[in-house]
Amino acid sequence: MPKNSHKSKFFASVFIVLVISIITAIITMVIFYQIQTSTMNPTPRPTFPPTTTVPPLATQLPRSIIPERYQVSLKTHFYNQIMEPENVTASNQTTFFTGNSTVYFECVQATSTVHLHIRELTVWGAVVKNINTKETIECSTSYDEELSEFLEIQLSEELKVGENYSLFLKFEGFMSPYLEGFYLSMYNHRGAAHHKDSNTERFIAATQMEPTFARHVFPCLDEPDLKAVFEVTIIHRKDTMALGNNRMKTDFIDGEWKYTIFEPTPRMSTYLFAFVVSDFTATESSHDSVTIRTFARPEATAAGHAHYAANITGKILSFYEKYFQIDFSLPKLDQVALPDLDPAGMENWGLVTYQERAVLYEEGVSSLLLKENIADIIAHELAHQWFGNLVTMKWWNELWLKEGFSTYMSNLAVDDVEPSFRAGEMNLIRDFEAAFMADALASSHPLVPPQDQVQTADEIQQMYDVITYKKGALVLRMLADIVGERDFKKGINMYLEDFRCKSADQNDLWRTIQQVLPKDTGIDIAMVMDTWTKQSGFPVITINTTTGEFYQKRFLYNDSSQSNVWWSVHITSMSNSSVFRPFLLETSDKVRKEEFISKNGEWILANINCTGFYRVNYNLENWHFLLTQLETEPQRIPLMNRWQLVDDAFNLARAKLVNVTLALNSTRFLRNETLLLPWKTAMSNLDYFVHMFDRSEVYGPMQAYLRQQVTGLYNFFRNDTDHSRVPEDHSLQHLQMLAVKVACSNGLPECVTMATKMFAEWMNNNTNNIHTNLRSEIYCHAVAAGGKAEWEFAWQRFESSEDTSEKEQLRQALSCTKKIWLLNRYLEYTLNPDKIRLMDVDSTIFLVSRNVVGQALAWNFIRANWEYVSKGNPALLVVGVASRFSTQFELEELQRFASDYELMSATRAAEQSIEQTQVNIQWVNDNKDIVHQWFDREMASRS
């Protein structure tokens with residue numbers, strides 16, 4: 001014990017006595033004060049207005065000023081082409097940019113502080129002026145990037161309500177090394193063989209401002225409801241061309257620099273501000289009043305690769321103008337096919353950008369079915385010109401108002417301009433499957449979370465998910481069914497007109513639709529729809545056709561999760577012989593209806609054409625009647641409900657609401673089936689079984705069963721497939737590809753032989769005779785069956801190909817190999833942007849993780865290289881690697897990863913993956929033996 005310890009104890013005792021005395025005195029004074037003032041009426045504490053010079057939330061601007069107009073002048077210093085002297089290896093490329101901006105604004109609340117957003121910019125030279133008096137107001141600036149993204153302008157005097165002001169700032173920065181804000185992209189120019197600079201690198205500059213990256217480019221009020229007009233000048237090297245949101249007003253050359261000045265934009269959000277500087281050339285489209293151009297690499301334009309996109313764009317734009325009864329708001333619409341962009345498309349007003357592979361189509365090389373994807377993405381981005389651009393959500397927590405609407409409208413547009421695709425049902429099924437799966441977890445989120453839960457950049461980024469896009473679209477489809485297509489269309493047209501160039505929330509949408517409904521309709525749109533947008537999940541409606549009783553309950557994969565929520569459910573139903581009157585179910589209690597009692601062995605079917613966002617369960621007898629009808633006369637059941645019955649059966653089994661054998665029994669009829677919908681549905685659902693059991697003894701008999709089931713379908717197309725031909729009908733083309741996929745992946749000998757033979761002929765003869773539709777599957781299965789030679793041949797072709805569709809098919813095929821060392825090499829390539837573009841890093845790792853051989857490799861790789869690989873879509877990586885997790889050890893590893901790593905926008909994906917893994921563990925424990933026995937019995941009965 002130290003020698004001074006006794007003295008320390010003495011002083012400590014004295015200190016404690018003093019503290020106790022002081023506390024006792026304070027308490028006595030408080031009690032005396034309360035007694036003395038109990039009979040008085042003291043003046044209340046002063047209150048302060050909610051407006052203050054400090055932002056009300058750590059990440060959201062105060063509303064003391066409202067922007068009216070930006071004048072932005074930006075000079076980009078990059079070179080389109082690097083001309084390096086011989087023997088010099090250092091690049092003279094620069095990513096530096098400079099500029100100045102003036103924001104004109106109105107003061108709506110007295111303040112002596114102005115806040116703007118900036119990020120990774122150097123800002124100086126602030127000048128604040130009163131537009132009304134022409135006086136300059138002294139000011140100073142402060143910024144702490146570590147604490148916030150606010151630039152704070154302190155003023156020497158208070159701004160006056162109703163007065164107009166301007167704030168001038170100079171800024172400089174560097175282009176982002178990632179695909180956000182203002183960034184540099186590169187492509188290889190393939191000039192004529194005799195040209196001196198043939199096959200050289202060319203650089204372009206592009207922008208991606210959504211959701212919160214405009215602040216990386218210039219100081220601004222970077223929030224969606226703070227709309228303003230943009231007057232833009234881009235200064236760039238004279239051998240390049242600049243595109244902006246609006247058409248060019250004028251341009252001139254000064255020495256080495258070209259000044260491109262654009263016409264003012266409509267009032268718009270900062271996330272829609274865009275410009276591109278490049279040497280691209282255009283393909284023009286036909287339209288009555290709008291100049292439409294699709295820009296691409298010069299050689300891609302010359303080869304006609306943009307023709308299909310250009311041809312369909314005018315048709316889609318005209319469809320929307322007619323549907324909405326509102327003309328496109330700008331005189332021109334430019335589209336740009338960029339070598340690098342994340343996401344696949346961005347709806348910048350008047351300057352829509354896409355990944356190259358999303359819009360370029362090469363006859364004889366691209367799959368015929370690629371046209372469906374091109375039409376779909378263009379339709380989605382053009383729908384945003386109204387939903388998002390013309391009318392914008394007030395805050396990011398209501399992102400579904402633009403993304404859900406654009407997903408919904410794109411299905412209508414593609415069906416109108418390309419009816420031969422018959423894409424409507426398949427897109428609906430895709431949307432249902434994705435939204436149902438995500439929303440069946442307790443960790444899902446409402447379409448409209450509370451605003452305070454969506455504040456940071458990562459929280460905003462997490463809103464870009466299947467709930468926002470797919471569930472949003474399906475809820476709108478449901479609303480259209482409730483009120484009728486005619487009134488729904490009138491309502492959304494009124495909504496667009498009333499809030500043109502403004503911001504709105506979902507309550508504004510509900511009000512406008514309510515206004516067009518007849519007064520006696522008896523439907524309160526807000527009350528009905530809020531149950532679908534303000535709470536997570538969806539219901540399963542359970543119907544007993546013996547008693548006529550039915551009720552709703554939240555559908556969850558995790559049966560241990562408790563929920564007492566209910567929805568306003570629009571119930572449509574029918575029997576063998578009649579269609580019943582629709583009604584709203586607005587309780588979680590049991591209800592009885594006479595028409596739900598089965599008579600004379602009739603089946604009862606609910607949710608006709610799947611217009612409602614809910615699942616349906618029945619008593620076993622009714623399930624038997626419905627599945628029997630599917631096998632004998634399926635045409636008596638509406639097409640979408642044939643998908644619904646199988647999909648519901650499998651997912652009810654996953655939720656342990658029906659026996660898993662009921663779901664598996666629904667696949668027996670596939671043996672003689674030659675229609676796309678039943679096969680697509682069954683294989684989508686059996687994919688879960690594959691992921692749960694492809695590392696166990698169940699997988700052998702499962703593969704044997706699927707080989708038997710698919711043999712008839714494969715033989716149905718075999719003559720065409722063996723001779724590299726495809727049917728004319730689009731649904732049959734999809735079905736042929738599915739037949740090859742199921743047959744080869746389950747080891748049907750004739751399929752594997754066909755794939756390896758065709759691929760070997762390409763390797764040996766250097767001539768690719770494989771039909772473009774079949775390449776993705778044949779490449780994959782040939783690489784899977786082969787070794788080093790096949791993989792390296794595919795890699796060489798990937799590196800040398802300039803066709804975006806061909807490169808994409810090869811990139812996917814490279815992940816199919818069963819050689820661990822080759823998959824490891826491929827993963828390492830993702831760390832080199834010269835081999836795998838940054839925008840493809842996450843999806844390439846995801847593809848490897850989907851390979852049973854590569855799943856563990858990808859999991860280790862992600863953790864070892866998280867800082868780099870998470871720069872793209874980290875949520876995709878987490879979901880991909882965790883899709884097979886079904887053991888306690890894997891769960892603990894995932895939980896450790898979630899706690900130890902900075903997950904950013906993948907936080908929710910990790911939470912959902914943890915919950916899904918817990919569900920998987922329980923489901924496998926409960927069903928592994930049952931499933932194994934079922935496949936064994938099926939194979940024994942056929943031997």
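# Briefing: strand pairing, helix packing and local geometry

Strand 1 pairs with strand 11 (residues 229–237) in the parallel sense, over seven bridges. The model described here is predicted. The points below cover an open sheet of eight strands, two helix contacts that both involve helix 6, the salt bridges, and three residues in loops with notable backbone geometry.

**The open sheet**

- The sheet is open, and its eight strands follow the order 5-4-8-2-1-11-14-13 with mixed pairing.
- Strand 5 (136–137) and strand 13 (248–254) form the edges; each has a single partner strand, so one side of each lacks a neighbour in the sheet.
- In the pairing of strand 1 with strand 11, Ser 73 stands opposite Thr 233 of strand 11.
- Strand 1 (residues 65–76) also pairs with strand 2 (residues 96–107), here in the antiparallel sense and over 11 bridges.
- Within strand 2, Phe 105 stands opposite Pro 67, and Phe 97 is the bridge partner of Thr 76.
- In general, the strands of a sheet pair through backbone hydrogen bonds, in either the parallel or the antiparallel sense.

**Helix 5 against helix 6**

- Helix 5 (residues 370–383) packs on helix 6 (residues 400–417) at an angle of about 130 degrees, and the two axes are 8 Å apart.
- Helix 5 is therefore oblique to helix 6, since an angle over 145 degrees would be needed to count as roughly antiparallel.
- The crossing of these two helices is right-handed.
- Helix 5 contributes Ala 375, Asp 376, Ala 379, His 380 and Ala 383 to the contact, while the residues from helix 6 are Glu 403, Ser 406, Thr 407, Met 409, Ser 410, Asn 411, Ala 413 and Val 414.
- By class, this contact of helix 5 with helix 6 comprises six nonpolar, five polar and two charged residues.

**Helix 6 against helix 10**

- Helix 6 also packs on helix 10 (residues 485–498), at an angle of about 135 degrees and with the axes 14 Å apart.
- That angle makes helix 6 oblique to helix 10.
- The crossing of helix 6 and helix 10 is left-handed.
- Leu 401, Phe 405 and Tyr 408 of helix 6 meet Glu 485, Phe 488, Ile 492 and Tyr 495 of helix 10 in this contact.
- The contact of helix 6 with helix 10 has six nonpolar residues, no polar residues and one charged residue.

**Salt bridges**

- There are 50 salt bridges in the structure.
- One of them joins the side chains of Arg 718 and Asp 722, with an N to O distance of 3.3 Å.
- Arg 718 and Asp 722 lie about one helical turn apart, because four residues separate their positions in helix 17 (residues 699–722).
- Side chains of opposite charge can pair when their charged atoms come close.

**Backbone geometry in loops**

- Most peptide bonds are trans, and most residues other than glycine have a negative phi.
- The peptide bond from Glu 210 to Pro 211 is cis, with omega near 0 degrees; Pro 211 is placed in the loop between strand 10 (200–208) and strand 11.
- The peptide bond from Asp 342 to Pro 343 is likewise cis, with omega near 25 degrees; Pro 343 lies in the loop between strand 18 (332–338) and strand 19 (345–346).
- Gln 325, although not a glycine, has a positive phi of about 60 degrees; Gln 325 is located in the loop between helix 3 (307–324) and strand 18.

Notes: Residues numbered from 1 in each chain as written. Predicted model: local features only at pLDDT ≥ 70, side-chain atom pairs only at ≥ 80, totals over all residues. Heavy atoms only, no water. Axes fitted to C-alpha atoms, helices over the stretch in contact; angles between N-to-C directions. Parallel < 35°, antiparallel > 145°, perpendicular 65-115°, else oblique. Left-handed = near helix turned anticlockwise from the far one by under 90°. Contact = heavy atoms within 4.5 Å. Nonpolar A, V, L, I, M, F, W, Y, C, P; charged D, E, K, R; others polar. Pairing = 2+ DSSP bridges. Salt bridge = Lys/Arg side-chain N within 4 Å of Asp/Glu carboxyl O.
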